[in-house]
Amino acid sequence: GISGVDFLRFAISATVIKMRGSVQRALGLNLLPGCRQYAASAAGERYAARAGEAIPAMDDSSKGGISGVIDVPSRLLMGPGPANAYPRVLAAMTLPLLGHMHPPFLKIMDDIQTGLRYTLQTKSKNVLLASGTGHAGMEMCISNLVEAGDKVLIGNAGLWGSRVADMATRFHGDVVEVKAPLGQTLSYETLKASILQHKPKLLFLCQGESSTGTHQSLAGLGELCKSNGCLLLVDAVCSLGGVPLFVDEWGVDAVYSGSQKCLSGPPGAAPVFFSERALEKLQKRKTPPISYNLDLNLVGDYWGWYGKRSYHHTGPVSTFYAMREAFAIVTEEGLEAGWKRHQDMHDQLWEGLRGLGLQPFVDNPEHRLITVNTIKVPEGVDWAAVVKNAMDNYSLEIAGGLGPTIGKVWRIGVMGANAKPQNMELVVAAFRDGLRKQGKL
């Protein structure tokens, strides 16, 4: 996924940053590139302070708290996210900044939309990256699609269903939850009965529930929602790019995802998709969306949804460079090849884990998510000690449970750049070592 030229560019950039810091420290300097070092000015200087603004003595108590060049340890991030980024993606963020309305940057935004359409399998023009993490995508969808009093049906299979229920309530939706037993998903029949009973305007489902490790089937639900005057909103934060998702064919109306999972980009850019039905709901609102920052009448205009481009906010330029490369990598590999790679690595991981006597938390393979794997913590095992041993001795992130699974599971991400054989081998080796140290093997 990375050429020799890309890798060299990344390596040179990192080396130059390190060298600059070493030279500055050796000379006792703390300079910005291209800047002279100025002596402290005499007391009483006003600089650009306005008339009448008092200039007290400078408080330098925090001045020595940050200096020099940043030093970041190397970690293999095999938890539920973020996953490690491709070197090509990291290299893109070292490129020169452009203005957020410059034509070359708008072309990069166009490239991102092309990549999004392929990854989501849609022909819709209504795709973009929200400037923020997956929660920004979540809130963008809820704040634009939910008006006060709207009935919202939440399919709750873990933490993320609970969080969307909380968010929809804050936007004054009339929230009803249908809950799956822990480690299971919701059946078509259960969801159909709930839709017929409650007649919601929006149904929420999490395709990949990272707190429990479940994979919700979307079969038939798009048509069911459409025939009942309901929109289908899907959380694909830890599933997009790792498992099949065909938003047009399956009748999904809105999706939000994350950049730092199976796409292996940096955190901070949330993929968002709206169908024409979802866009119609937005445009026929009785009141404007409460959030100005996430209003898709405005943000969509920045991304060209309405035939032009207008300034709304300054997009995270370097992050968008990275995401352009991330989508290029997805496209170059091909979705089907990527889905197969994730499945193969999931299978390899479990072959090794079962050899240690470990078992999946999700009993039914039809409910089991391959991108965030949940592993039962055996009785008598200190799960946190296994996590700590992996980090201390392998520089490897293994995560514990989240929300309803805290203390019950470990979570292993098989996502994006990290979904490769040597990483599965290292994870199994770390578990073997951690369990042996507790006398469990």
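Let me start with a loop: Pro82 lies in the loop between β1, residues 76-77, and α2, residues 87-92. The peptide bond that joins Gly81 and Pro82 is cis, with omega at about 5 degrees. I should say now that this is a predicted model, so please hear everything that follows in that light.

Two other loop residues are worth a mention for their backbone angles. His172 sits in the loop between α5 and β4. His172 is not a glycine, yet its phi is positive, about 70 degrees. Lys199 is in the loop between α6, residues 188-198, and β5, residues 202-206. Lys199 is also a residue other than glycine with a positive phi, in this case near 50 degrees.

Now the sheets. One is an open sheet of 7 strands with mixed pairing, and the order is β2-β10-β9-β8-β5-β3-β4. Which strands are at the edges? They are β2, residues 127-130, and β4, and each of them pairs on one side only. On average, neighbouring strands of this sheet are turned by 20 degrees against each other, direction ignored.

Let me stay at the β4 edge. β3 covers residues 151-156 and β4 covers residues 174-179; the two pair in the parallel sense over 6 bridges. To get from β3 to β4 the chain passes through helix α5, residues 159-170, and this β-α-β crossover is right-handed. If you want to check the register on screen, Lys151 has Asp174 of β4 as its bridge partner. For Val152, the partner in β4 is Val175. The loop with His172, which I mentioned earlier, is the one that leads from α5 to β4.

α5 also has a helix packed against it. α4, residues 134-145, and α5 pack at an angle of about 45 degrees, and their axes are 10 Å apart. α4 and α5 are therefore oblique to each other. The crossing of α4 past α5 is right-handed. On the α4 side the contact is made by His135, Met138, Glu139 and Ile142, and on the α5 side by Trp160, Arg163, Val164, Met167 and Ala168. Sorted by class, the residues of this contact of α4 with α5 are 6 nonpolar, 1 polar and 2 charged.

The next helix pair is α3 with α10. α3 is residues 103-120 and α10 is residues 317-333; their axes come within 9 Å and cross at roughly 40 degrees. So α3 and α10 are oblique to each other. Which hand does the crossing of α3 past α10 have? It is left-handed. From α3, the contact takes in Phe105, Ile108, Met109, Asp111, Ile112, Gly115, Leu116, Tyr118 and Thr119. From α10, the residues are Val317, Phe320, Tyr321, Met323, Arg324, Phe327, Val330 and Thr331. The contact of α3 with α10 divides into 12 nonpolar, 3 polar and 2 charged residues.

On to the other sheet. This open sheet has 3 strands in the order β11-β14-β13, and the pairing is antiparallel. β11, residues 372-376, and β13, residues 399-400, stand at the edges with a single partner strand each, so one side of each has no neighbour in the sheet. β11 and β14, the latter being residues 409-413, run antiparallel and are joined by 5 bridges. Among the bridge partners, Val372 has Gly413 in β14. Helix α11, residues 335-355, packs on this sheet and touches β11 and β14; the direction of α11 makes about 15 degrees with that of β11.

Last, α11 has a helix partner. α11 and α13, the latter residues 421-436, pack at an angle of about 25 degrees with their axes 9 Å apart. That angle makes α11 roughly parallel to α13. α11 passes α13 in a right-handed crossing. Met345, Gln348, Leu349, Gly352 and Leu353 of α11 meet Pro421, Met424, Glu425, Val427, Val428 and Phe431 of α13. By class, that contact of α11 with α13 has 8 nonpolar, 2 polar and 1 charged.

To close, here are the hands of the helix crossings again. α4 past α5 is right-handed, α3 past α10 is left-handed, and α11 past α13 is right-handed. That is what I have.

Conventions: Residues numbered from 1 in each chain as written. Predicted model: local features only at pLDDT ≥ 70, side-chain atom pairs only at ≥ 80, totals over all residues. Heavy atoms only, no water. Pairing = 2+ DSSP bridges. Helix = DSSP H or I, 4+ residues; strand = E, 2+ residues; numbered from the N terminus. Right-handed = clockwise from strand over helix to strand, strands pointing away. Axes fitted to C-alpha atoms, helices over the stretch in contact; angles between N-to-C directions. Parallel < 35°, antiparallel > 145°, perpendicular 65-115°, else oblique. Left-handed = near helix turned anticlockwise from the far one by under 90°. Contact = heavy atoms within 4.5 Å. Nonpolar A, V, L, I, M, F, W, Y, C, P; charged D, E, K, R; others polar.
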